[in-house]
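Colleague: I should like to understand how the descriptions of this model are justified. May we take them one at a time, starting with the ligand?

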Amino acid sequence: MASLDSINLIKGWPSTSLLPTHHLSRAAQTALADTSVAFPGLLYGPDEGYAPLRETLGNWLTSWYEPEQSIGKERITITGGASQNLACLLQVFTDPAYTRDILFAAPAYMLAFRVFEDNGFSGKMKAVPEDDDGMDMHALRRALEESEKHSPENKTPMFKPPRPYAKYYRHVIYCVPTFSNPSSRTLPLDRRIELVKLAREFDALVITDDVYDFLQWSADSNTSTSITKALLPRLVDIDRFLDGGAERPGADGFGNTTSSGSFSKIAGPGLRVGWSEGSPKFAYGVSQTGSSCSGGAPSQLTSTYMNILVKDGTMSDHIFKVLQPAYAARYKTLASAIKDYLYPLGASLPQPNQRVVGGYFLWLTLPDTVKAVDFAKRCQDEAQVIVAPGSIFEVPGDDSVKFEHSIRLTFSWIDEHLMVEAVKRISTVLERCLKGEGPTEAPKQNEINENPY
Ligand SMILES: Cc1ncc(COP(=O)(O)O)c(C=O)c1O
């Protein structure tokens, strides 16, 4: 068989053609040419992060999410991105003996697992299945109740000292409520409200990675207008106002949700700038992570660049005029190729009636007779298309929720013109699997992936 060029549908990275390099170049020169910006940018940052960016982000997020009251900088801490923030949150707000479990909406973002393991939660991670509308709230309640019944009763933290700026939560719930990685599903409003109520009832912290929220567009192929307001409130917006929020009578002021935002998917992951939002008491706790107190807030210099670009409207323009149309076009080409070539073979996508879609991924369910792990291998060997099998998004140590017949396809990384070709190749492999034909001889690999995701 002739060797084909490899097509990578596994990498969840932004397209290099969409990186705002010229805007960043201008912002970097502006910041470094002005000592009132460059000096604080190059020195140790305050624990909470670069104050002008915290304020600018508060205004920007207010205009995007339109919460009942504006978002002030006291709710925001600058982070080194969602991954680094997750580690900080666990360092400050959990104790691996006292915190009973980590509950994931499953399928789950697989690279988060190790962050939890690094913080002592190996063996305590559990899957809560999603249905077509995202995390199943009945299953979540059952999991929380079971955990309260059966986990060892450690009444106090064992590994961490009491701290005036933090608390230790009994449970952690981790999810990506909007355009999830990997399932691409979006949790509807009623479930968001229920999730906040459950978190309050069980003393859980809900950590949401809201890193795809800005990347949304109409599912209708004939509509191309940009969408300049968020589809839904975040969990953190609901927790802020529901029944008096974190400061309601009897509550401790920390709240039960926190939102991780990031410039990784909309500007570039190499910048390593993100933000954490929560109640003012919670946001201050995040800033008190030991590494920030020693080294200063993360990403101090790049924060000065992002402050310029968000404040002068460049980021919004880039999102609405460049990213949304470009990713929408990729999404639509990939989704319609799937409908043309893979639906007739019995494959399907979730949430078919969603009016607004987005993110970086599509979650494809294969016919029941096709095992995704074998299928992914055959796609790579026989068709040189690299896809992610559902098994890598299963929660380690919990076999109760499996994804044996699903694969994740990323549409952000490869150019639009390769989408149809990729799906046609996948369909050829699927046809062979359905006919019971064994693997064909593997052609030569043209691409070596050092970091596959
Ligand atoms: C759900 C989710 N969280 C976090 C990240 C990583 O974000 P960051 O680059 O801000 O650490 C990703 C990237 O793929 C992601 O999909």
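Modeller: Certainly; please keep in mind that this is a predicted model. A backbone N or O atom of A82 lies 2.8 Å from an oxygen atom of the ligand.

Colleague: What makes that pair of A82 and the ligand a polar contact?

Modeller: A polar contact is a pair of N or O atoms within 3.5 Å. The A82 pair, at 2.8 Å, therefore qualifies. By that cut-off, the polar side-chain atom of S83 qualifies at 2.5 Å from a ligand oxygen, and that of S264 at 2.6 Å.

Colleague: How much of the ligand does the protein bury?

Modeller: The ligand taken alone exposes 400 Å², and the protein buries 93% of that area.

Colleague: Which residues around the ligand come nearest?

Modeller: Of the 14 residues around the ligand, the nearest are S83, Y212, S262, S264 and R272. The shell is made up of 6 nonpolar, 5 polar and 3 charged residues.

Colleague: Where does the ligand sit, and what does "sits in" require?

Modeller: The ligand sits in the largest pocket. The term requires more than half of the molecule's atoms to lie within 2 Å of the pocket's grid points.

Colleague: Turning to the sheets, why are strand 12 and strand 14 called edge strands?

Modeller: Three strands form an open sheet in the order 12-15-14, with antiparallel pairing. Strand 12 (361-365) and strand 14 (388-389) each have a single partner strand, so one side of each lacks a neighbour in the sheet.

Colleague: How do you know that strand 12 and strand 15 pair?

Modeller: Pairing needs at least two bridges. There are 5 bridges between strand 12 and strand 15 (residues 406-410), so the two strands count as paired. Within this sheet, F361 stands opposite T410 in strand 15.

Colleague: Which strands are at the edges of the sheet of 8 strands?

Modeller: That open sheet has the order 2-10-9-7-6-3-4-5 and mixed pairing. Its edge strands, strand 2 (76-79) and strand 5 (134-135), each pair on one side only. Strand 9 (residues 257-262) and strand 10 (residues 274-277) run antiparallel and are joined by 4 bridges; G261 stands opposite W275 in strand 10.

Colleague: What makes certain backbone positions worth listing?

Modeller: Most residues other than glycine have a negative phi, and most peptide bonds are trans. The bond from A106 to P107, however, is cis, with omega near 10 degrees, and P107 lies in the loop between strand 3 (101-106) and helix 5 (112-118). The bond from N181 to P182 is also cis, with omega near 15 degrees. S299, which is not a glycine, has a positive phi of about 55 degrees; its place is in the loop between helix 10 (290-295) and helix 11 (300-311).

Notes:
Residues are numbered from 1 along each chain as its sequence is written. This is a predicted model: local features need pLDDT of at least 70, side-chain atom pairs count only at pLDDT 80 or more; totals for chains, interfaces and linings use all residues. Side-chain values use heavy atoms; hydrogens and water are left out. A residue is near a molecule or strand if one of its heavy atoms lies within 4 Å of it. A polar contact is a pair of N or O atoms within 3.5 Å; within protein, one must be able to donate a hydrogen and the other to accept it, and residues adjacent in sequence count only if both atoms are side-chain atoms. Accessible areas come from the Shrake-Rupley method with a 1.4 Å probe; for residues, only the protein chains shown count as cover. On a 1 Å grid over the protein atoms alone, a cavity is a set of points where a 1.4 Å probe fits but cannot get out, and a pocket is an open set with protein on both sides within 12 Å along at least five of seven lines; lining residues have an atom within 4 Å of a point. Ala, Val, Leu, Ile, Met, Phe, Trp, Tyr, Cys and Pro count as nonpolar, Asp, Glu, Lys and Arg as charged, and the others, Gly among them, as polar.
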